[in-house]
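Colleague: I would be grateful for a close look at a single part of this model, namely the ligand surroundings. Please give one connected account, and continue from there to the neighbouring segments that bear on the picture.

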Amino acid sequence: MTEQTRDPRLVVEVLSEALPYIQRFSGKTVVVKYGGNAMTEDTLIDSFARDMVLMKEVGINPVVVHGGGPQIGELLEKLSIESRFVNGMRVTDAETMDVVEMVLGGLVNKGIVNLINQCGGKAIGLTGKDGAQIRARQLKVEHQSPEMTAPEIIDIGHVGEVEHISTDLIEMLAARDFIPVIAPIGVDAKGRSYNINADLVAGKVAEALDAEKLMLLTNVAGLMNAEGEVLTGLTTGQVDALIADGTIHGGMLPKIRCALDAVKGGVRSAHIIDGRVPHATLLEIFTNAGVGTLITDIPQDPNAG
Ligand SMILES: Nc1ncnc2c1ncn2[C@@H]1O[C@H](COP(=O)(O)OP(=O)(O)O)[C@@H](O)[C@H]1O
Ligand SMILES: CC(=O)N[C@@H](CCC(=O)OP(=O)(O)O)C(=O)O
């Protein structure tokens, strides 16, 4: 429907319906993880940027943590650098780390910042190196292939896990009406850079900020079972079983783990939602429509002791 044909009474009704949600979330922090797979269409990126600005305008504090896996893959391919993943993590040698830092900290980060600013917001782009806000250490990955009897610990290079998040820089910016946009690059005490999965960073940032919500935007309708049905309200035991039988694999592994960890760490709710749906984040915050997979708290497994 065009602006001219839209019934003004409907617009006012919709605005009025959003009032209780605006009141409920005003002053609260919402961490939005914007995945590289959800950034594929210009109109969707634009609607995402508008949503962040609208949230800020109604008094919510959005903090964006972005990915960019496909964009890193594209540049690596152009440079003829091979890339592979173990347990959803990119094996990152020194050469790959340089590309990761260029793509995430440069192209992708500044692209999102620019779009939010074009929509009338005040976005500031940062990596975890700014203010040393994402302290990281090397991630040791446990890997087991079918032919192995026991898992082995393997070194996948400059891949990090979050040791500590300093929130002062984010809080200072948010208090001055800026929207922080954070690239998932960490740094250790010796100044070494780490490539960290963006879901893991988003989860830790949400915990450190004591966020109301963590929204993980991706390119699927939510966490799905083998039949393709969206699952919601799962127990940790059910998640473990879905991982063991291979239903949850690849990029969904870090996503579900960080959602569970975030709610365990005090974030009120975590959502895995479809970034291909226009205005997915607003639908989640301002309406009753359930979008994607919701994780509120960790229900007790019936068989847990
Ligand atoms: N059980 C599952 N339900 C939904 N998606 C799954 C599942 N297991 C694996 N996936 C994969 O996880 C992908 C999302 O993770 P990822 O590619 O890292 O996205 P993003 O870039 O948004 O972080 C989906 O596109 C899908 O291919
Ligand atoms: C260690 C690791 O795998 N890091 C990711 C960082 C980007 C990311 O997480 O991007 P998406 O959210 O778009 O998947 C990578 O190199 O692709």
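Modeller: The account below takes the two ligand shells in turn and then some individual helices, strands and loops.

The model is predicted, so local features are reported at pLDDT of at least 70 and side-chain atom pairs at pLDDT 80 or more, while totals for chains, interfaces and linings use all residues. Residues are numbered from 1 along each chain as written, chains are lettered from A and ligands numbered from 1 in the order of writing, and side-chain values use heavy atoms, without hydrogens or water.

Ligand 1 is surrounded by 17 residues, the closest being Lys33, Thr218, Asn219, Thr247 and Lys255; a residue counts as near if one of its heavy atoms lies within 4 Å. By class, six of the shell residues are nonpolar, nine are polar and two are charged. Here nonpolar covers Ala, Val, Leu, Ile, Met, Phe, Trp, Tyr, Cys and Pro, charged covers Asp, Glu, Lys and Arg, and polar covers the others, including Gly.

Several N or O pairs link ligand 1 to the protein, and for each the distance falls under the polar-contact limit (N or O atoms within 3.5 Å; within protein, one atom able to donate a hydrogen and the other to accept it, with sequence neighbours counted only if both atoms are side-chain atoms). Lys33 places a polar side-chain atom 2.9 Å from an oxygen of ligand 1. His249 takes part through its backbone, where a polar atom is 3.2 Å from a nitrogen of the ligand. The backbone of Met252 likewise has an N or O atom 3.5 Å from a ligand 1 oxygen. Of the 570 Å² of accessible area that ligand 1 has on its own, the protein covers 79%; such areas follow the Shrake-Rupley method with a 1.4 Å probe, and for residues only the protein chains shown count as cover.

Ligand 1 occupies the space of the second largest pocket. A pocket is an open set of points on a 1 Å grid over the protein atoms alone, where a 1.4 Å probe fits and protein lies on both sides within 12 Å along at least five of seven lines; a molecule sits in it if more than half of its atoms lie within 2 Å of its grid points. β11 (213–218) and α8 (252–264) are the elements that contribute two or more residues to the shell of ligand 1. These elements are DSSP runs numbered from the N terminus, with helices (H or I) of at least four residues and strands (E) of at least two.

Lys33 reappears at the second site. Around ligand 2 there are 16 residues, and the closest are Lys33, Gly36, Arg90, Asn195 and Ala198. Six of the shell residues are nonpolar, eight polar and two charged. At least two residues come from each of α3 (69–78) and β4 (89–90), and α3 gives the most, with three.

The space taken by ligand 2 is the second largest pocket. Oxygen atoms of ligand 2 are approached from the backbone and from a side chain. Gly36 offers a polar backbone atom at 2.7 Å, and Gly69 has a polar backbone atom at 3.0 Å. The side chain of Arg90 brings a polar atom to 2.7 Å from a ligand oxygen. The protein covers 92% of the 430 Å² that ligand 2 has on its own.

Ala198, one of the residues closest to ligand 2, belongs to α6 (198–208), in which Ala198, Asp199, Val201, Ala202, Gly203, Val205 and Ala206 are buried, that is, under 20% relative accessible area, whereas exposed means over 50% and partly exposed lies in between (1.4 Å probe, protein chains only). At the start of α6, a side-chain oxygen of Asn197 comes within 2.9 Å of the backbone nitrogen of Asp199. After α6 comes Asp210, with a positive phi near 55 degrees.

Positive phi recurs in two loops. Ala132, between β5 (123–127) and β6 (134–143), has a phi near 45 degrees and is partly exposed because its relative accessible area is 27%. Asp177, between α5 (168–175) and β8 (179–183), has a phi of about 75 degrees. Most residues other than glycine have a negative phi.

Further along the chain, Asp274 of β12 (269–274) counts as buried because its relative accessibility is 12%, and its side chain makes a polar contact of 2.8 Å with that of Arg276. Phe286 lies in α9 and is buried at 10%; its C-alpha is 5.4 Å from that of Tyr21, across 265 residues of sequence. Asn288, in the loop between α9 (280–286) and β13 (293–295), is exposed at 72%.

Methods. 1 Å grid on protein atoms, 1.4 Å probe; cavity = no way out; pocket = protein on both sides within 12 Å on 5 of 7 lines; lining within 4 Å.
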